[in-house]
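Q: Please give me a close, unhurried look at one part of this model, with each term explained as it comes up. I would like to see how its pieces are put together.

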Amino acid sequence: MTFQKKYIFAAAAILFGALAPFIINPYELSLLGRFLALSILAMGIMLTWGEAGILSLGQGVFFGLGGYALAMHLKLEGLNLANGDMPDFMVWSGVSALPGFWYPFANPYFSLACVVIVPGAFAAAFSWLVFRRRVGGVYFALITQALALAFSTLLISQQAYTGGFNGLTDYSTMFGIDITTEYAARYIYWITFLFVVAVYFFLRWLLASRYGVMLRATRDGENRVRFLGHDPVPYKVVAFGIAGALAGIGGALFTLHAGVVSPALVGVVPSIEMVVWVAVGGRNILWGAIAGTLLVNFAKDQISSAFPSLWLYGLGALFILAVSFLPAGIAGLFRPGSGEERVMRRILSRRKLSTAE
Amino acid sequence: MNAIPAPILMMENVTVDFDGFKALTDVSLNLTPGDLRILIGPNGAGKSTLCDTIIGRVRPTSGKIIFKDQVITNLPEQEIVRRGICRKFQTPGVLPTLTVFENLLVAGRKNRAWYRSFTTKTPPAETARAEEILTQIGLEDRRNIIAADLAHGEKQWLEIGMVVATDADLLLLDEPTAGMGPTDTQRTAQLILSLLGRHAVLVIDHDMSFVEALNGYVTVLHQGQILAEGTVAEIRADAQVTAVYLGRAEDAEPAHA
Amino acid sequence: MHESAFLLGQVFNGFSVASLFILAALGLALSFGLMRVINMAHGEMLMLGGYLAYMTLQIVPGPLGILVAMPVAFVGAGIVGGFLEFAVIHRLSARPLDTLLATWGVSLVLQQAARNMFGAIGVEVTAPTWLNHTVSIHSGFLSGLDLPDTRIFILIVAAIVLGLIAALLNKTRLGLYVRAVNQDRPTAAAMGVNARLIDLAVFALGTGVAGLAGVILALLGPVTPTVGQSYIVPAFLVVILGGLGSLVGTTIASLIIGLFTALIEIFVDVSVAQVLLLVFVILFIQIRPQGVITVRTRALEG
């Protein structure tokens, strides 16, 4: 793409995004809002997987932490806690009093802070424990998958505290405003859109900074970086922490759009599906992560309701085809012969060449 | 040079034992600041292990390593680099998706704290030094190419440039001419000679034409032990060395492995 | 029931779970040692073994059906695994993370295929009568201890398979080649070992063993399209703890995880046990990041 074309496309995308509530119908808008929320998480995957070479099969966990942090507040809003009021599912489960860790979530600002901090800090701490011992690559991917499994089973089994299999749903107001109206839905959409744009430009800056160069250096040769006197661990931990925080933000926004957060959204299968959005869109190109998320999810929406079994075959095929034949994703197709597409092919062919030598 | 300066690196009776296999036995070695040392020896003599031991990839079973009057035997790898020892590996260790210039900038960062990396500005001094090294290694016209696209010899030079960019006082160059033709080999020798004075350099190589072009003080390693030390001419004349190494290398032509 | 009998019962349980983990993880670990790739569709090889057992028993009913099913499942899963290695994994083996994703795609397709062919609910394989007994102890301090035949059977099968694979690796020419490629692929290839064929053979062998494990799973419960998924995550953890491609490491790691799970479940429910298992693995990494068995490497990027 030439210089000018690139900016025309970007401007058109932003303009459409901002005016979408006036262009498409409320149902489509709600889908677009959800998928844009997911694309915030996808940009985080682009950061860790594409730029840092860290494959996480557990992003659903951080997505869930963000979603639940907000949903816990939404379940408490409007309840009179002093009176002993409790969320409906706790009453049904026969809980006698609101568990202590629920109390602070009555405060909306505490909840909003948790949406970012809990998944971000947890992701950073978790990855630090693994990376500091120089465990990475395939091992890390498998450990994150075990994390996704443990997290979703725990959510389901602790019914009385988490809402169990059904998750947290059925909420109506935030800051005293009814969030179920069509009018509110527009504003939630705009907030989501604003986050997408802000995160996009933040990550652009980050990847262009010296940090971004160090991160790619770490991906290219962790030991080489180490023997140049740098400690690679903090660069990786920061990337994973940011991706965790972005997943949390995405989770909270998704919860607002969907009106529900449940274990079905955070387990092993959804976690790995998140990676395929980025694989399809392009793991080294930010807009590719957004485009891939929208594309795969709209396709899923169209196909899975009509032909559920076809969708699973399609999804499986998508995994195989995308990584085998389109390693730089759809976005890579726009830059043939230079940039990411070629770089990816280079990295990917590296090991084969070195064994042939 | 009349007075002999204090050694920059001293290895004292270093032994490395890999589960019963002695890769190095009682090796002692002194390196002079700003000076060149060439380490030769047949395959499996322990040359790479010696480098690994200095930079902390392999820990000695006994003995100690003193760098600038401080014991570094058990420091973490990146700390050893920060004290001023940097190594070039046998297979080129450039960062393939970064440009040539970015490779040098990563190597040349003065303040290596991670939290100082959240900026798009490179200190002018670091940029200037990277440009200087770029010229020294002769890759000015490759500045913005990704390192994966370099020719094999160019990668070797870039990695030497990266090692230089760390501004380490001691550079360990493990087979810098591996896979190079005669012209590139001579160029590499000139490049290494231009580094002396500012850096002490320890070169490992098999190629005798390269060793002769460098013409420095030679240490011969054999079966994990130091067999002989001396100038290139002295080593050439040493009957023992000829027996275990040079003779064989000349019979069986390929010196590269 | 006596306390010590209960405890011993759990230990026995741990061993039989560990036996399943060994069978499930063996192929993963061997191929990981050789190629540094993990086959996410390995769980579906268990599932395949289960369905093959079901189909075999339709054709060969009776007490010996299960003994026929085992070689059938071994060969069947081995062939599918060999094809998978040839068609997908070999092409991607330079990119271990992409191999994870592609084989996950394969796993989705296989699960859906099983759903379309056999239904989502699952099929039952009834254990033959000679496996229907329970060894019970009625006296002494172990009074009340029940050891079901099927669980003893698992232990025996795992021990035999482990013994055969150990013999294969240590006593045969194929095993010699496998160890050579494991240690230094380029050198082994230069010495005339067909590393490509070794990869394929080991992969097929590993998936075959997983198929065998599937037959045993079928004795324990219904075979569903997702039956492999419940065993595969612990099997991955076994690979992490075991160290690179080591038979001994895999066995020890399976025992550690099997016993840990069985004993911790005395105190907490299954979901909390899963969390604690993960915590245990993270702690283990802090102490021994290279796994139970260490392999030295001289490569810069190992």
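A: Two residues are said to be in contact if their C-beta atoms, placed from the backbone, lie within 7 Å. This is a predicted model, in which local features need a pLDDT of at least 70 and side-chain atom pairs count only at pLDDT 80 or more, while totals for chains, interfaces and linings use all residues. Residues are numbered from 1 along each chain as its sequence is written, and chains are lettered from A and ligands numbered from 1 in the order in which they are written.

A single residue shows how the contact rule works. Leaving aside its neighbours within four places in sequence, A:Ser152 is in contact with A:Pro263, A:Val266 and A:Gly267. A:Ser152 lies in helix 6 of chain A, where helices (H or I, at least four residues) and strands (E, at least two) are DSSP runs numbered from the N terminus. A residue is buried if 20 or more other C-beta atoms, placed from the backbone, lie within 10 Å of its own, exposed if 12 or fewer do, and partly exposed in between. A:Ser152 counts as buried because it has 27 C-beta neighbours inside 10 Å.

The part to look at closely is chain B, with nine helices and 10 strands. Its C-alpha atoms fill a box of roughly 55 × 45 × 40 Å along the principal axes. The radius of gyration, taken over C-alpha atoms, can be set against a globule rule of 2.2 Å times the number of residues to the power 0.38; a compact globule of 257 residues would come near 18 Å, and chain B agrees because its value is 18 Å. Of its 257 residues, 44% count as buried. Among contacts in chain B between residues at least 6 apart in sequence, 66% join residues at least 24 apart.

Begin with the six-strand sheet of chain B, remembering that two strands pair if DSSP finds at least two bridges between them. This sheet is open, with mixed pairing and the strand order 6-7-8-3-9-10. Strand 6 (85-88) and strand 10 (225-231) of chain B are its edges, since each pairs on one side only. Neighbouring strands of this sheet are turned by 20° against each other on average, direction ignored; such angles run from 0 to 180 degrees between N-to-C directions, and the axes are lines fitted to C-alpha atoms, for helices over the stretch in contact.

Helix 1 (residues 47-55) of chain B packs on this sheet, touching strand 3, strand 6, strand 7 (170-174), strand 8 (200-204) and strand 9, and its direction makes about 150° with that of strand 7 of chain B. Helix 5 (residues 152-165) of chain B also packs on the sheet, where it touches strand 6 and strand 7 and makes about 175° with the direction of strand 6 of chain B.

Within the sheet, strand 3 (residues 36-40) and strand 9 (residues 217-222) of chain B run parallel and are joined by four bridges, and B:Arg37 has B:Tyr217 as its bridge partner in strand 9. At the edge, strand 6 of chain B pairs with strand 7 in the parallel sense, over four bridges, with B:Ile85 opposite B:Leu170. In a regular strand the side chains alternate between the two faces of the sheet. In strand 6 of chain B both faces are covered: B:Ile85 and B:Arg87 on one side, and B:Cys86 and B:Lys88 on the other, are all buried.

The other sheet to follow is an open one of four strands in chain B, with antiparallel pairing and the order 2-1-4-5. Its edge strands, each pairing on one side only, are strand 2 (21-31) and strand 5 (70-71) of chain B. Seven bridges join strand 1 (residues 9-18) of chain B to strand 2 in the antiparallel sense; B:Met11 stands opposite B:Leu29, and B:Phe18 has B:Phe21 as its bridge partner. The hairpin of these strands has two residues between them, and there B:Asp19 takes a positive phi near 45°.

Finally, helix 1 of chain B returns: besides packing on the six-strand sheet, helix 1 of chain B lies across strand 1, strand 2 and strand 4 (62-67), running at about 65° to strand 2 of chain B.
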